[in-house]
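The exercises below are meant for a reader who is meeting this structure for the first time. Work through each task before turning to the solution that follows it.

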Amino acid sequence: MQVEATRRLRWNFDNVNCNSILQKDKDLYKSILRGGNSNADNFFSGASANFVAGSAAGCTSLILVYPLDIAHTRLAADIGKTEARQFRGIYHFLATIFQKDGVRGIYRGLPASLHGMVVHRGLYFGGFDTMKEKLSEESKPELVLWKRWMVAQAVTTSAGVISYPLDTVRRRMMMQSGMEHPVYTSTLDCWRKIYRTEGLVSFYRGTVSNVFRSTGAAAILVLYDEVKKFMNWGGL
């Protein structure tokens, strides 16, 4: 139990660090798209820049950390006593899958994950930045902390619910890594089989728990804003 709790805490810590990296990537992409001017008169300005930057940041980070993401998902389902488990840890999982299926096995389910990332991170980052900018224009100075948190919570919950079917397909595809006889031959085949055999409701199984979990993600958005303001104030 203690080992499992430690592993979960470490994963939550890594998830916070990953979100921090995503925030930095998002700001970089937004700066590039806007050309350093948030009021630039081009397609990639305002809301469009926010959504594209959020999606691009999410996809970039996902490709870089995907082997660790698939290892975490697969190991979480590898339950039982230590000697009965299929994999002994992240390194053993990655080495086993690479030896068996090559790079394709380590990146199995990547297309489905990218689809979900475009939708979720685009709405998550883009929606928050756009709403914050719109509301800040109406109330000078910048929105107070509790209002920004409410916006972040609304955006995070909406993004999670809208993109959840994509996340369901992503996890199903990930779970096939290392299997002798995969159930799904492709992302499209996964969509079809889930719908035909389990129904539409199956795509949203676990949505409620995901909504409660989104509170942490909303807090990260607001906290990152506060850290940026502090660093700008201190000239860092």
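Two residues are said to be in contact when heavy atoms of theirs lie within 4.5 Å. The model to which this is applied here is a predicted one.

**Exercise 1. Describe the overall make-up of the protein.**

Solution. Begin with the elements: the protein has 8 helices and 0 strands, and, read from the N terminus on, its elements run α-α-α-α-α-α-α-α. Next, consider burial, for which the protein has 236 residues, 39% of which count as buried. Finally, look at the contacts between residues at least 6 apart in sequence, where 70% join residues at least 24 apart.

**Exercise 2. Find the surroundings of Ser55 and of Gly122, and say whether each is buried or exposed.**

Solution. First place the two residues: Ser55 lies in helix α2, while Gly122 belongs to helix α5. Then apply the cut-off, by which a residue is buried under 20% relative accessible area. Ser55 has 12% and is therefore buried, and Gly122, at 2%, is buried as well. Now list the contacts, leaving aside neighbours within four places in sequence: Ser55 is in contact with Val118, Arg121 and Gly122, whereas Gly122 touches Phe51, Gly54, Ser55, Met117 and Gly127. As a last step, take the C-alpha atoms of Gly122 and Val52, which are separated by 6.3 Å although the two residues are 70 residues apart along the chain.

**Exercise 3. Work out how helices α2 and α3 pack, and which residues make the contact.**

Solution. Two packed helices are described by the angle between their axes and the distance between the axes. For α2 (residues 47-76) and α3 (residues 90-101), the angle is about 105° and the axes are 10 Å apart. Angles of 65 to 115 degrees count as roughly perpendicular, so α2 and α3 are roughly perpendicular to each other. On the α2 side the contact is made by Pro67, Leu68, Ile70, Ala71, Arg74 and Leu75, and on the α3 side by Ile90, Phe93 and Leu94. Sorted by class, the residues of this contact are 8 nonpolar, no polar and 1 charged.

**Exercise 4. Treat the pair α6 and α7 in the same way.**

Solution. Helix α6 (residues 145-174) and helix α7 (residues 187-198) have axes that come within 10 Å and cross at roughly 105°, and α6 and α7 are therefore roughly perpendicular to each other. From α6, the contact draws on Pro165, Leu166, Val169, Arg172 and Met173, and from α7 on Thr187, Cys190, Trp191, Ile194 and Glu198. By class, the contact of α6 with α7 holds 7 nonpolar, 1 polar and 2 charged residues.

**Exercise 5. Locate the largest nonpolar core and the elements that build it.**

Solution. The largest nonpolar core has 14 residues, and those with the most contacts inside it are Leu62, Tyr66, Ile70, Phe87, Phe93, Leu94 and Ile97. The elements giving two or more residues to this core are α2, α3 and α5 (110-138), and α2 gives the most, with 6 residues. Apart from this core lies another, of 11 residues, among them Tyr124, Phe128, Ala159 and Ala218. To see one core residue in detail, take Phe93, which, leaving aside neighbours within four places in sequence, is in contact with Ile70, Ala71, Arg74, Leu75, Phe87 and Ser177.

Key. Residues numbered from 1 in each chain as written. Predicted model: local features only at pLDDT ≥ 70, side-chain atom pairs only at ≥ 80, totals over all residues. Heavy atoms only, no water. Axes fitted to C-alpha atoms, helices over the stretch in contact; angles between N-to-C directions. Helix = DSSP H or I, 4+ residues; strand = E, 2+ residues; numbered from the N terminus. Parallel < 35°, antiparallel > 145°, perpendicular 65-115°, else oblique. Nonpolar A, V, L, I, M, F, W, Y, C, P; charged D, E, K, R; others polar. Buried < 20%, exposed > 50% of the residue type's maximum accessible area, 1.4 Å probe, protein only. Core = buried A, V, L, I, M, F, W, Y, C linked by side-chain atoms within 4.5 Å.
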